[in-house]
Amino acid sequence: MLFLCLSQTELARVWLQQQTDIWYSVISQQHEDSIGGDSHPRRAQGLSSGPARISRAVPGGGLTINTLPDNMTRVVEDSGKYYTWCSFGPEDQRTRELWVDMSDVRHGQVRVHGILSNSYKQAVRVALSFDFPFYGHYLRQITIATGGFIFTGDITHRMLTTTQYIAPLMANFDPSYSKESTVQYLDNGEAFVVQWERVRLPGKESGGAFTFQAALYKTGTITFSYRDIPLSLDVMGSAEHPVKVGVSDAFMVMPPSPQSQDAQRRTIYEYHRVEIDTTKVTSYSAVEFTPLPTCLQHDNCELCLSSNQTSGCSWCNVLQRCSDGMDRHRQEWLDYACSEEVLLDIKNEYLLISHFSDSYVRTDSSTKSDGLANTGVIAGIAAALVLLLALTLVALYINYHPTAASPLYLIQRRNNYWPSLKFQKQQPGYTEVEGEGHEKDSIVEAGPC
């Protein structure tokens with residue numbers, strides 16, 4: 001059923017190639033704290049660069065990472081849906097303003113991460129002191145990787161470079177190559193800043209060291225700042241590790257399986273990505289992302305459907321959530337049939353409007369019919385009254401003018417046309433008793449003409 005839903009939304013599956021060798025080991029923060037790697041720029045001795053403990057492994061059958069078609073994920077600068085961004089060059093004042101000086105104590109306490117500073121292809125989960133809005137979702141944990149990016153997914157897996165990332169400069173960096181290389185961060189409650197300082201590329205160590213940082217602000221703003229970029233990104237090569245600059249997010253779904261729950265395979269679909277032109281990434285440059293309103297920010301149906309700040313939003317009554325169906329909560333959106341609920345609401349609204357229109361037409365027609373019937377009744381009554389009045393006038397005229405021509409004509413013709421009263425002497429009906437002082441009256445009986 002879930003596959004049918006996905007097919008209806010045209011989520012084409014594109015298998016990623018050459019990802020099996022780009023695996024990151026994710027280390028829990030508690031593990032890093034227990035070995036004491038950290039808050040000052042010392043180098044931890046005797047640390048193995050091999051795989052470490054996974055903090056949240058994907059259970060059961062494993063994880064498949066897919067992407068949506070490119071025309072659904074690529075975002076150009078002037079048509080952003082989730083972010084607008086602007087790049088600044090070495091001559092822009094904004095470039096200097098966006099750079100966070102990690103040596104300035106006013107920005108907060110800086111922590112140099114011992115394991116990340118001595119490892120290759122490692123990642124560590126770190127808790128944030130504030131809710132960071134990312135694609136409309138609020139994050140309280142992120143994962144810092146040695147490869148110049150931050151993983152933002154809830155479920156930790158080993159293919160972190162694929163999607164759900166904030167990448168100021170994702171590449172095959174190896175901080176363990178030099179003692180000068182460090183991965184450090186600070187959190188002052190308003191911003192979380194990660195800096196990769198003097199990190200180098202394996203096989204291109206002589207090309208120079210890279211220093212850059214990413215800052216996540218409480219407002220949702222994201223900034224990339226670059227201090228030292230000794231090589232052009234075009235010559236860095238992506239055979240051993242992807243080279244990316246930008247942000248990406250995805251949702252995870254779990255197709256129904258006849259097997260046990262633990263054996264189900266989770267699939268990640270990338271629904272949006274912003275890629276920055278790599279030619280804009282140079283020494284003393286910067287990129288600033290500004291978040292745009294999303295459907296998830298609306299907390300009631302009225303705002304969800306009527307806000308002019310967002311488009312394509314639908315309200316799910318079951319979940320009490322506003323969404324366009326493309327976010328990290330998509331599994332719930334499908335499980336509770338929110339898409340069908342939206343279609344049903346639209347259909348019901350259409351039927352309601354149609355019913356109202358039909359009722360209105362029927363009412364109007366019946367009103368017209370009733371009006372015509374009433375008019376006929378009134379006309380009939382009026383005609384009857386006129387006829388009755390005419391007959392009354394004729395009778396009065398004959399009574400008061402019996403010698404006139406018209407009354408005489410009628411009287412003469414009455415044997416043929418008018419009934420008459422006759423005196424019948426043969427069969428009296430009653431015998432009248434004559435009383436003294438009374439005249440005798442005749443009995444009058446109606447007979448045939």
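Colleague: How do I read the handedness of a disulfide, say the one between Cys 316 and Cys 338: left-handed or right-handed?

Modeller: Look at the torsion about the S-S bond. For Cys 316 and Cys 338 that torsion is about -60°, so this disulfide is left-handed. The pair links distant parts of the chain, with Cys 316 in strand E17 and Cys 338 in helix H7 (residues 338-400), 22 residues apart. Keep in mind that this is a predicted model.

Colleague: And what S to S distance goes with the disulfide of Cys 316 and Cys 338?

Modeller: In general, a disulfide is a covalent bond between the sulfur atoms of two cysteines. Here the S to S distance of Cys 316 and Cys 338 is 2.0 Å, and the cut-off for calling a disulfide is 2.5 Å.

Colleague: Are Cys 316 and Cys 338 buried or exposed?

Modeller: Read the relative accessible area: buried means under 20%. Cys 316 comes out at 0%, so Cys 316 is buried. Cys 338 has 0% relative accessibility and therefore counts as buried too.

Colleague: How many disulfides does a search of the whole structure find?

Modeller: Three. Another of them joins Cys 295 to Cys 313, with an S to S distance of 2.0 Å. The torsion about that S-S bond is about -85°, so the link of Cys 295 and Cys 313 is left-handed. In sequence these two cysteines are 18 residues apart: Cys 295 is in the loop between strand E16 (285-291) and helix H5 (301-306), while Cys 313 is in the loop between H5 and strand E17 (314-316). As for burial, Cys 295 has a relative accessible area of 8% and is buried, and Cys 313, at 12%, counts as buried.

Colleague: What about Cys 304 and Cys 322: how far apart are their sulfur atoms?

Modeller: They are 2.2 Å apart, and the two form a disulfide. With 80° about the S-S bond, the link of Cys 304 and Cys 322 is right-handed. Cys 304 lies in helix H5 and Cys 322 in strand E18 (residues 321-323), so the pair ties together parts 18 residues apart in sequence. Both cysteines are buried.

Colleague: If I number the bonded cysteines in sequence order, what is the pairing?

Modeller: For the protein chain the pairing reads 1-3, 2-5, 4-6.

Colleague: Why has Cys 301 no bond to Cys 304?

Modeller: Check the sulfur distance. The closest cysteine sulfur to that of Cys 301 is in Cys 304, but at 6.3 Å it is too far for a bond. Cys 301 has a relative accessible area of 32%, so call Cys 301 partly exposed. Cys 86 also counts as partly exposed, because its relative accessibility is 36%.

Colleague: Where does UniProt place the feature "transmembrane region"?

Modeller: The unreviewed UniProt entry puts it at residues 377-398. To read such an annotation against the model, look at the secondary structure of the span. Residues 377-398 are 100% helix and 0% strand, and the end C-alpha atoms lie 32 Å apart.

Colleague: Now the whole chain: how many helices and strands does the secondary structure come to?

Modeller: Nine helices and 20 strands. Of the 449 residues, 41% count as buried. The chain exposes about 25,500 Å², with carbon and sulfur atoms supplying 54% of that area. For contacts, look at sequence separation: among those with a separation of 6 or more, residues 24 or more positions apart account for 68%.

Methods: Residues are numbered from 1 along each chain as its sequence is written. This is a predicted model: local features need pLDDT of at least 70, side-chain atom pairs count only at pLDDT 80 or more; totals for chains, interfaces and linings use all residues. Side-chain values use heavy atoms; hydrogens and water are left out. UniProt positions are given in the numbering used here, feature names are shortened, and annotations may be inferred rather than shown by experiment. Helices (H or I, at least four residues) and strands (E, at least two) are DSSP runs, numbered from the N terminus. Buried means under 20% relative accessible area, exposed over 50%, partly exposed in between (1.4 Å probe, protein chains only). Contact means heavy atoms within 4.5 Å. Accessible areas come from the Shrake-Rupley method with a 1.4 Å probe; for residues, only the protein chains shown count as cover.
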